[in-house]
Amino acid sequence: MEIDRPDVIAEVTAAFEAYERALVANDVEAILAFFAGRAIRFGIADQQDGIEEQARWRGAQGGLPPGRRLKDTTIRAYGVSTAIVTTLFGYPGSDVLGRQSQTWVRLPEGWRIVHAHVSEPAA
């Protein structure tokens, strides 16, 4: 298996950046389109199994606080159809950095998140 293929990393980087723009804009329809139908997502105080649960959860949530910033984003490719994205995130006025990881898989409809995890360090 060829790892860290530049072409795959470029494709997933573009998908991740588009996802991040949708997330910051709270564009729920666009956010959901980045997830596979059976994706599992663990949030800070929530979890969803499948796109239907995520749609209900996203619909009930407000947007992110303004000024979200990312730090130390890393994208690793594993072959031509799988990539892992990890990043730290924070907001103005706080030194706390949360953690976010996503597993992206190339499906017939394009790159989709099949697993996501968001956490913050314990106080």
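A residue counts as exposed here when its relative accessible area is over 50%, as buried when that area is under 20%, and as partly exposed in between. Keep that in mind for the close-ups below, which come from a predicted model.

**Figure 1. The whole protein chain, made of three helices and six strands.** Start at the N terminus and the elements come in the order α-α-β-β-α-β-β-β-β. The radius of gyration is 14 Å, close to the 14 Å that the globule rule gives for 123 residues, so the protein chain is as compact as a globular protein of that length. Along the principal axes, its C-alpha atoms fill a box of roughly 40 × 30 × 25 Å. Of the 123 residues, 35% are buried. How much of the contact between residues at least 6 apart in sequence joins residues at least 24 apart? That share is 47%.

**Figure 2. The surface and charges of the protein chain.** About 7000 Å² of the protein chain is accessible surface, and carbon and sulfur atoms account for 54% of it. There are 13 positive and 16 negative charges, and their mean positions sit 2 Å apart.

**Figure 3. Asn26, in the loop between helix 1 and helix 2.** Helix 1 covers residues 6–25 and helix 2 covers 28–33, with Asn26 in the loop that separates them. Most residues other than glycine have a negative phi. Asn26 is not a glycine, yet its phi is positive, at about 55°. Is Asn26 buried, partly exposed or exposed? Its relative accessibility is 32%, so Asn26 counts as partly exposed.

**Figure 4. Strand 3 and strand 4, an antiparallel pair.** Strand 3 takes in residues 69–77 and strand 4 residues 82–90, and seven bridges hold the two together in the pairing. Look for Leu70, whose bridge partner in strand 4 is Phe89. The two strands form a hairpin with four residues between them, and in this hairpin Gly79 takes a positive phi near 80°.

**Figure 5. Asp72, a residue of strand 3.** Here is another residue to look at for its phi: Asp72 is not a glycine, but its phi is positive, at about 55°. Is Asp72 buried or exposed? With a relative accessible area of 51%, and the cut-off for exposed set at over 50%, Asp72 is exposed.

**Figure 6. Strand 4 next to strand 5, again antiparallel.** Strand 5 runs over residues 98–107, and eight bridges pair it with strand 4. One spot to find is Leu88, which stands opposite Arg99 in strand 5. While you are tracing these strands, remember that in a regular strand the side chains alternate between the two faces of the sheet.

**Figure 7. Strand 5 and strand 6, joined by a hairpin.** Just two residues make the link in this hairpin. Nine bridges join strand 5 to strand 6, and the two run antiparallel. Which residue of strand 6 stands opposite Gln102? Ala116 does.

**Figure 8. Strand 1 alongside strand 6, a parallel pair.** Strand 1 spans residues 35–42 and strand 6 spans residues 110–119, with four bridges between them. Ala116 turns up here as well: this residue of strand 6 has Arg41 opposite. So Ala116 of strand 6 faces both Arg41 and Gln102.

Methods:
Residues numbered from 1 in each chain as written. Predicted model: local features only at pLDDT ≥ 70, side-chain atom pairs only at ≥ 80, totals over all residues. Heavy atoms only, no water. Rg over C-alpha atoms; globule rule 2.2 N^0.38 Å. Buried < 20%, exposed > 50% of the residue type's maximum accessible area, 1.4 Å probe, protein only. Contact = heavy atoms within 4.5 Å. Areas by Shrake-Rupley, 256 points an atom, 1.4 Å probe, with all protein chains shown as cover. Lys, Arg positive; Asp, Glu negative; His and termini not counted. Charge placed at Lys NZ, Arg CZ, Asp CG, Glu CD. Pairing = 2+ DSSP bridges.
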